[in-house]
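Dear colleague,

Please find below the structure I promised to pass on to you. My notes on what was found in it follow directly after.

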Protein chains: 4
Amino acid sequence: MTQLRITTRLDYHFPQPSDCLLQVEVAHGPGQRIVSESLSTTPVDDFRRVPAESGLGTRAWFGAEGSWQATYEAEVEVTRPGVDLAALPATPSRLLPGDATSYLMPSRYCQSDVFLPFMASEFADHRGGALAEAIRAWVHESMSYVSGTSDATTTAADSFMARQGVCRDYAHVVIAMARAGGIPARMASVYAPDVDPPDLHAVAELWLDGLWRLVDATGMADPSEMAVIGVGRDAAEISFMTVMGAAELRSQEVEVVRA
Amino acid sequence: MTQLRITTRLDYHFPQPSDCLLQVEVAHGPGQRIVSESLSTTPVDDFRRVPAESGLGTRAWFGAEGSWQATYEAEVEVTRPGVDLAALPATPSRLLPGDATSYLMPSRYCQSDVFLPFMASEFADHRGGALAEAIRAWVHESMSYVSGTSDATTTAADSFMARQGVCRDYAHVVIAMARAGGIPARMASVYAPDVDPPDLHAVAELWLDGLWRLVDATGMADPSEMAVIGVGRDAAEISFMTVMGAAELRSQEVEVVRA
Amino acid sequence: MTQLRITTRLDYHFPQPSDCLLQVEVAHGPGQRIVSESLSTTPVDDFRRVPAESGLGTRAWFGAEGSWQATYEAEVEVTRPGVDLAALPATPSRLLPGDATSYLMPSRYCQSDVFLPFMASEFADHRGGALAEAIRAWVHESMSYVSGTSDATTTAADSFMARQGVCRDYAHVVIAMARAGGIPARMASVYAPDVDPPDLHAVAELWLDGLWRLVDATGMADPSEMAVIGVGRDAAEISFMTVMGAAELRSQEVEVVRA
Amino acid sequence: MTQLRITTRLDYHFPQPSDCLLQVEVAHGPGQRIVSESLSTTPVDDFRRVPAESGLGTRAWFGAEGSWQATYEAEVEVTRPGVDLAALPATPSRLLPGDATSYLMPSRYCQSDVFLPFMASEFADHRGGALAEAIRAWVHESMSYVSGTSDATTTAADSFMARQGVCRDYAHVVIAMARAGGIPARMASVYAPDVDPPDLHAVAELWLDGLWRLVDATGMADPSEMAVIGVGRDAAEISFMTVMGAAELRSQEVEVVRA
């Protein structure tokens, strides 16, 4: 069991009235328990929480203008057990539940259809957890963690060619490969200690042996120390802030420490 | 009220044992009532229905090998009222429910983020239903319906440049533009009479004034005569058949007549 | 020495008056001697030959309308010696002549910049002819020759992901990799016997040890039996026919036999 | 007649021995006369000038390691007359010379094939100079000059969607549209006063009425005040520095003043 103390501070400026979608609060979900939490923001219009993707966690809509700050603080107990990924058995696709089935399909940044030939040629002999572990190892070894080489348009295929990127890009390649290999895969935004520089972190989550399993090919964080905020098909669906209109991000600070 | 009689016949050959995901059955949902229906197929392994995207309709998983045929027959009453799209008021994004919020994000074929500058320059003055109608009209007038010019890799941005395509491509451009304009948008696979050549049809569905509204920019079909099978972010999520492995489609026949 | 007898027959229909650029005539160039040749076409306007890329061979401009046929017949002696690619020494980039330098840059279908990371990770230890041979072998072994899986928009990066294609796609991947590895590379359209189905053939040409060397990663044809028509950066520059306007290709027949 | 005084200073660090291709010297060519010039650099290996694209200007190869600086100074008389672009007559494609023909084809960043439908729908009634002027005006009005929004992978199609970019991107869109409209088009790197911030500038060059015509859709510079360094199909072929290996650009200063 790990206890995490999380502090997130955001400072934005919205030149015009803008509707915003914020997703920074830890989700109530398997393997993690929220001991305490609080979110405080500059007064806004119509602050409303709506369920996030797959019903895990929430997003908050609100309207804001001008200077806007928010502070989120939480204490979370992570009880997610360690798992030997490689030992998990494969599930035939036809036995997948509906929610896992959704995460087999290609998405904005994870065009898994494009990875089918590579998977067939490199990993034809692997299935289930052994395949998941082979993918994680391939991405970990083939890619280099380099900031500033990818942006909001970079896809898994781009990152596969570039062989470099940040956590978002590592996760995209893992997800695209997993789906192409028949394993449902999604992306999770998480808080974790030791992320360097300290920031929100993004990892893959693969459906294996009946449960979703967090996989971090960067090697920066361990699932037993991750507090999940939300999940989605890829980076397009787990953004911590989406602004309908112009916005200036003045500062964003994330601190995650073991309690 | 329109009564539709639908017959779909599929004939496949699977050289190896393959897991398949079939989505051809009409959904129980708003604006349509299934009077009678039957699905019969060559015997398969583990035939299991799972909920489809947004809980609308079902997909069916099964395992098959060798020659496989299916026949789906249904009689459906469509009671969906006609709607004056242009008259529908706009909803501020911050008041969107969670399910609609999901359909604001870019997806595999509808990279709405890429359309933001075009929408800002062409449709800055339009909102809500007036924007939806302007998008429908723009796509209807700017694109030509030409078979064989797009394939499974063609995105909304490709179709926007090519200015041609089939129903799938029309719907993708409408969806990408709508999302870029702040309107939640998804894709629906439907049965409709008068589709030429007769086939499964794909249209856009936009969330306006609290409800999802079917929009067919090809002009081939009318929402008051569509029986919806399922919905998804784009063509990646409403495929009538997804095969995990090799497959040969020998024939596919769709007949939709007014009863 | 191989003697080739070449016959090409084209049959087009131009619904409107169109300007056309034809490139089917064998080039006067190193390693091949034109013994006899003739080109006859339906009467056209302003038939004019202009030098083709790198001054090798010619393209012919003309204006045509309605039905148009052409027959090209040639007898060519190919005296191009066989070469042990792997044995050719590397040339430092800084000693490259101007024409070879041009063929180091990325082009429409051969975005060599995208291949730099792959080349650095897979072939860092190879240089010169050994690198060229390693690239040829990799492409030959990794790709499958499958018609109908690529089209006029397919790039080297697409083919690298898809691991399949036709001669055009094989050549594109070889060229993109060679340039990324520091070897000037271009595409040649050639006539060769045993191409199946009989057609114009496209191969890579790499600048090694002071000369251009034809490389066919499909294994279909041997440089000692190729009659080169023209060269260019990629398929965009060696098209056998470019029509400024609408055109219908009714038939295209190519016959190449050893005399 | 304008007299320009040009000073370019480059400061690089090459961590390993690297072969470099430098193109900063003004070309001897139509409309400009080099009154005086000098290039001085840190001592290098094998400094060799080779002809640049289309035989206009030169590129210089050399080998370097560690710290490297260069200073280029030139005084150039520009005698290029002003031209009323819109008044230039159209040339039928079939009468184009070979060199102009080469610049009709799609290239790395200017995939003109993708622009054919847009050109047909927006500019079907324009030809020759009137078309060139319509393209220039469309790009000037539709795009916004914003630094930092494009990078080395951004194509003309990307910029067309994004409707923003820098001089490179403006030129790419003009070139892609011109080729799609049947006008040969290439890119020129130039020195010009008033470029803000001061830097090397990139513009389009269109072949109209028998000559190449410089076109700057950014409106920053006038052809009568441009000193051309070199030309190429697009940014891939006019780079001022190409390094075969790792390089760190420490500083780059360009000053262009009217004498």
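In which strand of chain C does C:E77 lie? The residue belongs to β4 of chain C, the strand that runs over residues 58-78. Please keep in mind throughout that this is a predicted model.

Is C:E77 buried or exposed? With buried meaning under 20% relative accessible area, C:E77 counts as buried because its relative accessibility is 17%. Leaving aside residues up to four places away in sequence, C:E77 touches C:M1, C:T2 and C:Q3, and it also touches C:G31, C:Q32, C:R33 and C:V35.

Staying with chain C, helix α3 covers residues 128-142, and its 15 residues reach 21 Å from the first C-alpha to the last, close to the 21 Å expected at 1.5 Å a residue. The buried residues of α3(C) are C:G128, C:G129, C:L131, C:A132, C:A134, C:I135, C:A137, C:W138 and C:V139. As general background, an α-helix has 3.6 residues a turn, so residues three or four places apart point the same way. The partners against which the buried residues of α3(C) pack are, within chain C, the helices α2 (116-122), α4 (156-162) and α5 (167-180), together with the strand β8 (201-208).

Turning to chains A and B, a turn of 180° with a shift of 0.0 Å along the axis lays chain A on chain B with an RMSD of 0.0 Å. The two copies are thus related as by a two-fold rotation axis, and in chain A the C-alpha nearest that axis, at 1.9 Å, is that of A:R108. The same surface serves both copies, in that 100% of the contact residues of chain A recur in chain B.

As for the contact itself, 35 residues of chain A meet 35 residues of chain B, and the two chains bury about 2800 Å² between them, with 52% of this on carbon and sulfur atoms. In chain A, the residues that lose the most area to chain B are A:R94, A:M105 and A:R108, which together account for 24% of what that side buries.

Between chain A and chain B there are 10 salt bridges, including one between B:R94 and A:D46, whose closest N and O atoms are 2.6 Å apart. There are also 20 residue pairs in polar contact between these chains, counting pairs with both residues at pLDDT 80 or more. On the side of chain A that touches chain B, two or more residues come from each of β1 (2-22), β3 (45-51), β4 (58-78) and α1 (98-102), and β3(A) gives the largest share, five residues.

With kind regards

Terms used. Residues are numbered from 1 along each chain as its sequence is written. Chains are lettered from A and ligands numbered from 1 in the order in which they are written. This is a predicted model: local features need pLDDT of at least 70, side-chain atom pairs count only at pLDDT 80 or more; totals for chains, interfaces and linings use all residues. Side-chain values use heavy atoms; hydrogens and water are left out. Helices (H or I, at least four residues) and strands (E, at least two) are DSSP runs, numbered from the N terminus. The expected span of a helix is 1.5 Å times one less than its number of residues. Buried means under 20% relative accessible area, exposed over 50%, partly exposed in between (1.4 Å probe, protein chains only). Contact means heavy atoms within 4.5 Å. Copies are superposed by least squares on the C-alpha atoms of residues with pLDDT of at least 70 in both. Buried area is the accessible area (1.4 Å probe) that two parts lose on being put together, summed over both. A salt bridge is a side-chain nitrogen of Lys or Arg within 4 Å of a carboxyl oxygen of Asp or Glu. A polar contact is a pair of N or O atoms within 3.5 Å; within protein, one must be able to donate a hydrogen and the other to accept it, and residues adjacent in sequence count only if both atoms are side-chain atoms.
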